[in-house]
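Me: Could you take a close look at one part of this structure for me, the salt bridges and whatever sits around them? I'd like one connected walk-through rather than a list.

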Amino acid sequence: MGLEFIKPGTNIDFLKYRKIAYLVSAAIILAGMLSLAVKGGPRYGVDFAGGLTIQVKFDKAMDVADIRKAIEPVGLEGLVVQRFGQETDNEYLVRATEQQMAQELVREAVVKALGQALPDSGFQIQRLEMVGPKVGADLRSKAIEAVFYAVLLIAIYISGRFEHRWMASGIMAAGLTGGVYLLNLLSVPTGYLIFAAMAITLLLCWYMRLKFALGAVVADLHDVLVTIGLFSLLDMEFDLTIVAALLTILGYSLNDTIIVYDRIRETLRGADKKESLADIINRSINQTLSRTILTSGTTLAVTLCLYLFGGAVIHDFALALLIGIVAGTYSSIFIASPILLDLGSGFIRKEQVEAVVTERTA
């Protein structure tokens, strides 16, 4: 018998708070999107923007202005110096735009400049990365595509598993391919193309009444947008590790949503004819609540340890996972499940629909 934190028979009315949850999610996403608009987009790391990053560790605390002044003679364009990791780590990041010098020449020039200007600092170059602007743009495009195809495959999988409508899933994929092809003919930029394709995916799910798929896709996009928005509000960088975190979040959120959806489907099969869809969804969420708390709690604890003790290199990755785990657990209860109710009663038997209608009009 599985471990249960919630007493059997608990009946918390989660759907009662769904409109408040919608407003909270909309507010967070809107704030994040406004932040992105004001800043002209995400603050890309070297992976996406191109340029170079040098991670330097000193034996003692240093002033950022002194480090910058010491490196300026090297002639790095767009030079930015900032503290990295915990304050006690004495680590700093030196960033610059694209350079014409080779990587080893840059390293030698920076080591020489720091050695002359800060001879007693006891510094060590721990990392030096250089990425050209074209490579950065290609990586950015591929990253967006990876997120999009993950969402598309999720929609197809959920449609087949929960609604047994593989043909509809195939039609959706074909329609999406056609839409993307037409947009390509119009030379739409990759970023806008992917977002347009996601919008087409949602519209096709809604039009063909693939509501389980629509709920899962909306929940996944919710988690990704919340994470991106909060990263923008916190003025944190987006690089390949954050994309890896976003794809991990998609999988985690989907797993949580599938658990709840499975229980809803099982409950629908044996539900009383007079039981409303809202009661069925609420009962299903309550029945899976112990497992949700256990799974999310243990995952959150491990990720928190990574965030606190994993070091500066995976700090941002762990933070993105922390945000995603909380958002994914929240969305499976307050976003994915309520969508099944708010989009109508298309999943329950005809007799149940009639009973619900009679009950509401009485």
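**Around the charged network**

Reply: Let's start with Lys39 and Asp235, whose side chains form a salt bridge at 3.6 Å, N to O. Lys39 belongs to helix H1, while Asp235 sits in the loop between helix H8 (211-233) and strand S6 (237-238), so this contact ties together parts that are 196 residues apart in sequence. Bear in mind that we're looking at a predicted model.

How covered are the two partners? Lys39 is partly exposed, at a relative accessible area of 41%. Asp235 is partly exposed as well, with 40%.

Now move along to Glu237, which makes a salt bridge to Arg95; here the closest N and O atoms are 2.9 Å apart. This is another link between distant parts of the chain, with Glu237 in strand S6, Arg95 in strand S4 (residues 91-96), and their positions 142 residues apart. The setting is a buried one on each side: Glu237 has a relative accessible area of 10%, and Arg95 comes in at 16%. Since buried means under 20% relative accessible area, Glu237 falls inside that class at 10%, whereas Lys39 at 41% is partly exposed.

One more pair before we join things up. Asp262 and Arg265 meet through their side chains in a salt bridge of 3.0 Å, N to O. This one is local: both residues lie in helix H9 (residues 240-270), three residues apart, or about one turn of the helix. Asp262 counts as buried, with 14% relative accessibility.

So which residues end up in one network? Salt bridges with shared partners join Lys39, Arg43, Arg95, Asp235 and Glu237. That puts the Lys39 to Asp235 contact and the Glu237 to Arg95 contact in one connected set. For the wider count, a search of the whole structure turns up eight salt bridges.

Next, the aromatic rings, since some of them share elements with the residues above. The whole structure has six aromatic pairs. In one of them, Phe58 and Tyr92, the ring centres are 5.6 Å apart and the planes stand at 75°, so the pair is edge-to-face. Tyr92 is in strand S4 and Phe58 is in the loop between strand S2 (51-57) and helix H3 (64-71), so to speak a long-range partner: the two are 34 residues apart, and the pair links distant parts of the chain. Both Phe58 and Tyr92 are buried.

Then there's Phe231 with Phe238: their ring centres are 5.8 Å apart and their planes are at 55°, so this pair is tilted. The cut-off matters here, because only planes over 60 degrees apart count as edge-to-face. Phe231 is buried at 0% relative accessibility, and Phe238 is buried too, with 7%. Elsewhere, ring pairs bring Phe14, Tyr330 and Phe334 into a cluster.

Finally, back to helix H1, which spans 18-39 and has Tyr17 in the segment before it. Tyr17, Ile20, Val24 and Ile28 make a nonpolar surface patch of about 340 Å². Tyr17 itself is partly exposed, with a relative accessible area of 41%. As for helix H1, its residue Lys39 is the one tied to Asp235, which brings us back to the salt bridge we began with.

Definitions and conventions
Residues numbered from 1 in each chain as written. Predicted model: local features only at pLDDT ≥ 70, side-chain atom pairs only at ≥ 80, totals over all residues. Heavy atoms only, no water. Patch = residues over 30% accessible without salt bridge, like charges linked within 9 Å, V, L, I, M, F, W, Y side chains within 5 Å. Areas by Shrake-Rupley, 256 points an atom, 1.4 Å probe, with all protein chains shown as cover. Salt bridge = Lys/Arg side-chain N within 4 Å of Asp/Glu carboxyl O. Helix = DSSP H or I, 4+ residues; strand = E, 2+ residues; numbered from the N terminus. Buried < 20%, exposed > 50% of the residue type's maximum accessible area, 1.4 Å probe, protein only. Phe/Tyr/Trp six-rings, centres within 6.5 Å; stacked < 30°, edge-to-face > 60°.
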